[in-house]
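Please describe this structure for a reader who has not met it before, working from single residues and helices towards the whole protein.

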Amino acid sequence: MTMIAVLALLTGLAAAVPLLTRSLGRDTGYPLAAGYLIGCGLLASRLPVVLDNGAVAVSVRWLPSLDIAFALRLDGLAMVFGLLVLGVGALIMMYCPRYLAPHRRCTALYTLLTLFTVAMLGLVFAADTVLLFLFWELTTVCSFFLIGQASPAAARPATRALLVTAGGGLALLAAVVVMAVALGTSDLTTILAYPDRLLGSPVAWVVGGLLIVAAFTKSAQFPFHFWLPSAMVAITPVSAYLHAATMVKAGIYLLIRFSPIYAEQAAWTIVLVLGGLGTALAGAFLALRQHDLKAMLAYSTVSQLGLLVGVIGVGTPAALAAAVLHTVAHALFKATLFMLVGIIDREAGSRDIRQISGLRHVMPVTATLTGLAAMSMAGLPPLLGFVSKEAIFDALIKTGVDPWLSPSAEVLAVSASALTFAYGARIVYETFAGPPQQPELYEPAWTFLTPAAIAALLSLLLGPAAALLGPLIDQATEDASPGGDPPYVAFWHGFTPALALSALTVLSGTALFTARARVDRLVQSVQLPPAGAVTFDRCYGALLRLGGIVGRPTRYDSPAAHLFRPVLLLVLLGAAGSAALGSLPPWPGAGAAADDWPLLVLLAVALAGIVLARSALAAVGLLSLVGLLVATWFLLAGAPDVALTLMLVEVLTAVVAMLVLRRLPARLPGAGRQPVSFFAAALAVAAGAVAVAATVGLTGRRDLSAPGSYFLRTAEPATGGGNVVNVILVEFRAFDTLGEATVLVAVALGLVGLFRTTGRDAATTGPGGGTGGRGRSGGPAVPDPVLRFAHRLLTPVMLVVSAWLFLRGHDEPGGGFVAALVAGIAAGLGQLAYAGRPPTAAGRLRPRPLLAAGLLTCLGIGLSALLAGEPFLTPSPGLKLSVLGFSVSPVTFFDLGVYLMVLGLITAAVRRLGTADPSDAGVPSDAAGPPDAGVPSDAVGVRAP
């Protein structure tokens, strides 16, 4: 349960961020860092078990029909990556409070960073390929939001990163599906334990290719490398975390994890070695061309990831041990360098090495820490980077697939490492040597420097003490290459060929740095083909233009233009179906149709009235009458749940329509002036005839379907609920209901966000030139005393009815959805009555807390089932209580979550339609942007004081 405890701890921290930031502001990073360290401690407590060649595993039934489990496994490899994710994450959280501006609103940043950690931990713990894919994609989504929230200019780089890495995610999904179909299981432990099963199948190389594509996109390997440097628009803490321990390391983890299957396959080795080391050389060369420190580090990450991919491709135990060790070394020195570059940027106001120099005179501690991290990156003793780089050289020397591969790998690795030495020395020299250009600068506070200092000192101390990492590295290697003999991890191995390659790297890098002026002119003069980002943007733009061409026929304001095609298609399908089926036998239920004729006549009259109506109010009233007549028809047909739901929807629609009509003219636009189209009328009549014919011809021709019979037969004995409709929604199909309710949450949050971005315009200018929140006369909307009295009289009654419908829903018509509609009508009536937020309990409802509480309640019920050993969202039938004569069980609380989410959506909708002031809608007055946005408050949808 250790892994579940860690994931629960981090998820709880993410949920607590809004409360923490409300009282601590940017200092929220400190308690979050403490939580990360607690997570490290929980993982470390299982270290003895893992080092004893064991693994900690937990598995809970998730989708039993597909044999998919929520399975987690903590072995040596997962332990290394888990400790890196949490350890570096703790340093980043400690760094954030001093990096962030005091007035910055940091709730979203801290929440996303913590969820990013949860996603990465879930990825490395996952013992089921389906679960691995889900967490893989969650890292993609989190990184998109983390990059995109930096500034408006970050939208394109964030989209670029999302599309590239999500494309790799689709490749991983395809690999997961193909493996599951071919092997009959998605259990990762089983797949890795029997590699011959996959290698012996015809899909082996399809899966291998898909895995390489997924890893190359995630870890920014050529030709997918371009998204990573452009992602540098993200703020420094995000960049440091993404580059050092999370996002880009996911591809490295995936390749190491699947090495037991493909490590000895020549094609796998050649692709990874040449592709990875080629990327390492290209990334180092591009880093040497940069003058922005952050851009240098971005291309450096591409290069170092390429070096890791190349050595993973070798596939021997020595190579995999070197990859794991260099992953640790890279996390330490890259986190240090990014944090220090952020400090330099904050203090000096620039990251351009042509504009800063001599900082060692005013910032000696920063200079020393940067020098240590750069030495580790360059592979100089006694830093940990020296040990890992030498291990990589030793592994590449022993590449045994083809005679030519080992020399080629050595040349590429030494060349890339020499360039790494050159730009590492350039970072230190150009930034800290020479006369100070800004002598007024001073060393930042120790609270700002401490996270970077910890990472740099760890890199320094773990170099000579590399043997301390030996047991964990050995176990991780054993997990990645079962049966192999991992090498001895030590600082000094004597005079070896790998040491000679390290010396050659240092000499070559020193020569490049000594001739830096000439080298800089040379690298800048090289004409490169269009950057991958440019090519990607061109393709993306062409795709959008193609979409515009395809969608051009639907770009009309008139609803008739949009309805024409589907209605015409319905008529054509009806004609084709009639021709294919010929005449149908008499309808078995024809004798009962006579009872429906009065309703049909009333419906025809009401529809004709809607078509001929010239008043908007009359059209809305007649439309509601149509809905009530159809509800009556459902009631007569024996479907009280559907009838009740439809009737309440019609009432709510009328309320919403009245909110909109306050901003519209009394007469419908164009009413009485547009000639009646004979073709439109004929098409409408034909579509109606087709619908009637299909209903008459197909209804009642077969017995109740097997699923319907099953539900009617087993619903009450299995669940104790007499309302079959509600039982299906909250028990048999609870997962579907949760998905649909989540869509409602997304829609409601979209309404909140839309009001933030359109605030003033949406509040002051309504459709058709009306005035938002104002009467048709142009003045402010005045509360109606009759509606106010009705609201005060009816709201308590509606809330009681809402509670009654909710509690009885499991046995009688009702339930969470229907009850939420009743409460939503009360909220809408208040908006009408008070022309804004009413001063009642219903008026104080806020959409976002309702949505969050509802979603968390549903998820909590599902997770409680997992903890009880049942599949997700499978409540225990034994937990039932009687409250006021109503049966209450875990299902009731799931229905409560649905109730809250639906009520949150309705509240958000009526607030957005019924108020002109964001503060009345539950939106903070500063929601339109941060205080330093430089935009007057009355220009962004927030009423000026």
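Histidine 225 sits in the loop between α10 and α11, the latter covering residues 227–230, in what is a predicted model. With a relative accessible area of 15%, histidine 225 is buried, because that value is under the 20% limit. Leaving aside the neighbours within four places in sequence, histidine 225 is in contact with Ala220 and Val302. The chain also brings tyrosine 299 into this region: the C-alpha atoms of histidine 225 and tyrosine 299 are separated by 8.9 Å, although the two residues are 74 residues apart along the chain.

Helix α10, on one side of that loop, runs over residues 204–218 and has 15 residues. From its first C-alpha to its last, helix α10 reaches 21 Å, which is close to the 21 Å expected at 1.5 Å a residue. Many positions can be followed along this helix, and the buried residues of α10 include Ala204, Val207, Gly208, Leu211 and Ile212, as well as Ala214, Ala215, Phe216, Thr217 and Lys218. After α10 comes alanine 220, whose phi is positive, near 55°, and alanine 220 is one of the residues in contact with histidine 225.

**Salt bridges**

How many salt bridges does a search of the whole structure find? The search finds eight, and the table lists some of them.

| Residue pair | N to O distance | Citation |
|---|---|---|
| Aspartate 75 and arginine 257 | 2.8 Å | salt bridge |
| Aspartate 345 and arginine 351 | 3.3 Å | salt bridge |
| Arginine 354 and aspartate 352 | 2.9 Å | salt bridge |

The side chains of aspartate 75 and arginine 257 meet in a salt bridge of 2.8 Å, N to O. This pair links distant parts of the chain, since aspartate 75 is in the loop between β2 (68–74) and α4 (76–99), while arginine 257 is in helix α13, 182 residues apart. Aspartate 75 is buried, with a relative accessible area of 1%, and arginine 257 also counts as buried, at 7% relative accessibility. Helix α13, in which arginine 257 lies, covers residues 249–257. The side chains of arginine 257 and aspartate 75 are joined by a polar contact of 2.8 Å as well. Beyond the neighbours within four places in sequence, arginine 257 is in contact with Asp75, Leu77, Ala78, Val124, Leu188 and Leu192.

In the pair of aspartate 345 and arginine 351, aspartate 345 counts as buried at 19% relative accessibility, whereas arginine 351 is partly exposed, with a relative accessible area of 23%. The limit that parts these two residues is 20%, because buried means under 20% relative accessible area.

The side chains of arginine 354 and aspartate 352 meet at 2.9 Å, N to O. Here arginine 354 counts as exposed, at 55% relative accessibility, whereas aspartate 352 is buried, with a relative accessible area of 15%. Elsewhere, salt bridges that share partners join Arg73, Asp75 and Arg257 into one network.

**Partly exposed positions**

Threonine 107 lies in helix α5, which covers residues 107–125, and is partly exposed, with a relative accessible area of 30%. Threonine 107 and proline 18 are 89 residues apart in sequence, yet 5.8 Å apart in space, C-alpha to C-alpha. Leaving aside the neighbours within four places in sequence, threonine 107 is in contact with Val17, Pro18 and Thr21.

Leucine 173 is found in helix α7, residues 155–183, and counts as partly exposed at 31% relative accessibility. Together with Leu170, Val177 and Val181, Leu173 makes a nonpolar surface patch of about 370 Å².

**The protein as a whole**

The secondary structure of the protein comes to 37 helices and four strands. Of the 945 residues in the protein, 48% are buried. Among contacts between residues at least 6 apart in sequence, 79% join residues at least 24 apart, and the pair of aspartate 75 and arginine 257, 182 residues apart, links distant parts of the chain. The accessible surface of the protein comes to about 41000 Å², and 69% of that surface belongs to carbon and sulfur atoms.

How values were computed. Residues are numbered from 1 along each chain as its sequence is written. This is a predicted model: local features need pLDDT of at least 70, side-chain atom pairs count only at pLDDT 80 or more; totals for chains, interfaces and linings use all residues. Side-chain values use heavy atoms; hydrogens and water are left out. Patches are made of residues with over 30% relative accessible area and no salt bridge: like charges are joined within 9 Å, nonpolar side chains (Val, Leu, Ile, Met, Phe, Trp, Tyr) within 5 Å. Accessible areas come from the Shrake-Rupley method with a 1.4 Å probe; for residues, only the protein chains shown count as cover. A salt bridge is a side-chain nitrogen of Lys or Arg within 4 Å of a carboxyl oxygen of Asp or Glu. Helices (H or I, at least four residues) and strands (E, at least two) are DSSP runs, numbered from the N terminus. Buried means under 20% relative accessible area, exposed over 50%, partly exposed in between (1.4 Å probe, protein chains only). A polar contact is a pair of N or O atoms within 3.5 Å; within protein, one must be able to donate a hydrogen and the other to accept it, and residues adjacent in sequence count only if both atoms are side-chain atoms. Contact means heavy atoms within 4.5 Å. The expected span of a helix is 1.5 Å times one less than its number of residues.
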